[in-house]
Amino acid sequence: MAIRILLAEDMNMVRGALVALLNLERDLKVVCELERGDHILPAALEHRPDIAIIDIDLPGIDGLTAAARLRESLPECRTLILTSLGRPGTLRRALSAQVSGYLLKDAPPQELATAVRRVVAGHRVIDAQLALSAWDGAESPLTEREAEVLRRAAEGSEANEIARELHLSPGTVRNYLTTIVAKLNARNRVDAIRIAQEADWLL
């Protein structure tokens with residue numbers, strides 16, 4: 001029996017290439033291909049794949065959210081996340097979502113087929129370089145509230161807007177921002193945003 005695969009990738013050429021590549025393997029069969037994250041769960045419930053290969057950046061809902069929903073509703077379907085971003089924070093998020101595998105898109109083609117077989121056999125497969133970077137990556141010094149304030153500042157919100165959105169006083173928000181700048185040894189708020197984004201602390 002061939003391993004049944006659901007593939008979710010929003011770039012048509014990439015998706016076509018992956019489908020062709022996987023279908024070359026005698027024991028693998030792509031039974032469903034999608035381009036949106038919010039279509040994954042309904043399609044998986046219909047096609048009952050053994051594994052879902054999911055791009056991390058999808059329209060509708062992102063790949064990790066889709067993987068978490070899939071695990072909840074169809075736990076027998078394993079998940080393998082594909083990404084072009086080798087960021088340690090994203091990998092930590094994937095691990096906390098309990099995905100079965102996590103590979104970079106530029107991995108050698110044979111590595112993907114091998115990863116699919118290993119994941120379906122019950123193993124966890126993580127790209128070695130990504131695992132190393134996640135291991136080396138420092139934990140965020142920011143509290144959850146500080147990260148939320150900085151995330152909204154990064155989106156362009158001013159202190160008064162952040163205060164309204166988070167039901168805080170403008171003074172409290174300014175205090176948070178001052179603390180964040182100090183914690184990150186940043187020169188100012190813009191520098192703090194840059195440091196936090198590069199370290200992947202604003203997910």
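Two strands count as paired here if DSSP finds at least two bridges between them, and the strands themselves (E, at least two residues), like the helices (H or I, at least four residues), are DSSP runs numbered from the N terminus. The structure is a predicted model, in which local features need pLDDT of at least 70 and side-chain atom pairs count only at pLDDT 80 or more, whereas totals for chains, interfaces and linings use all residues. Residues are numbered from 1 along each chain as its sequence is written, and side-chain values use heavy atoms, with hydrogens and water left out.

**The sheet**

By that pairing rule, strand β4 (residues 78-83) and strand β5 (residues 101-104) run parallel and are joined by four bridges; Leu 82 stands opposite Leu 103 in β5. These strands belong to an open sheet of six strands, arranged in the order β2-β1-β3-β4-β5-β6 with parallel pairing. Its edges are β2 and β6 (125-126), each of which pairs on one side only. Helix α1 lies across β1 (3-8), β2, β3 (51-55) and β4, and runs at about 160 degrees to β2; here contact means heavy atoms within 4.5 Å, while axes are lines fitted to C-alpha atoms, for helices over the stretch in contact, with angles from 0 to 180 degrees between N-to-C directions.

**Salt bridges**

Side chains of opposite charge can pair when their charged atoms come close. A salt bridge is taken as a side-chain nitrogen of Lys or Arg within 4 Å of a carboxyl oxygen of Asp or Glu, and by this rule the count comes to 14 salt bridges. The table gives some of them.

| Salt bridge | Closest N to O |
|---|---|
| Arg 117 and Glu 25 | 2.6 Å |
| Asp 27 and Arg 117 | 2.7 Å |
| Glu 148 and Arg 152 | 2.5 Å |

The pair of Arg 117 and Glu 25 links distant parts of the chain, 92 residues apart, with Arg 117 in helix α5 (residues 109-120) and Glu 25 in the loop between α1 (12-23) and β2 (28-34). The pair of Asp 27 and Arg 117 likewise joins distant parts, since Asp 27 lies in the loop between α1 and β2 and Arg 117 in helix α5, 90 residues apart. With buried meaning under 20% relative accessible area, exposed over 50% and partly exposed in between (1.4 Å probe, protein chains only), Arg 117 counts as partly exposed at 26%, and Asp 27 as partly exposed at 28%.

Glu 148 and Arg 152 are four residues apart in helix α7 (residues 144-154), so about one helical turn separates them. Arg 152 is partly exposed, at 22% relative accessible area, and a network of salt bridges links Glu 148, Arg 151, Arg 152 and Glu 165.
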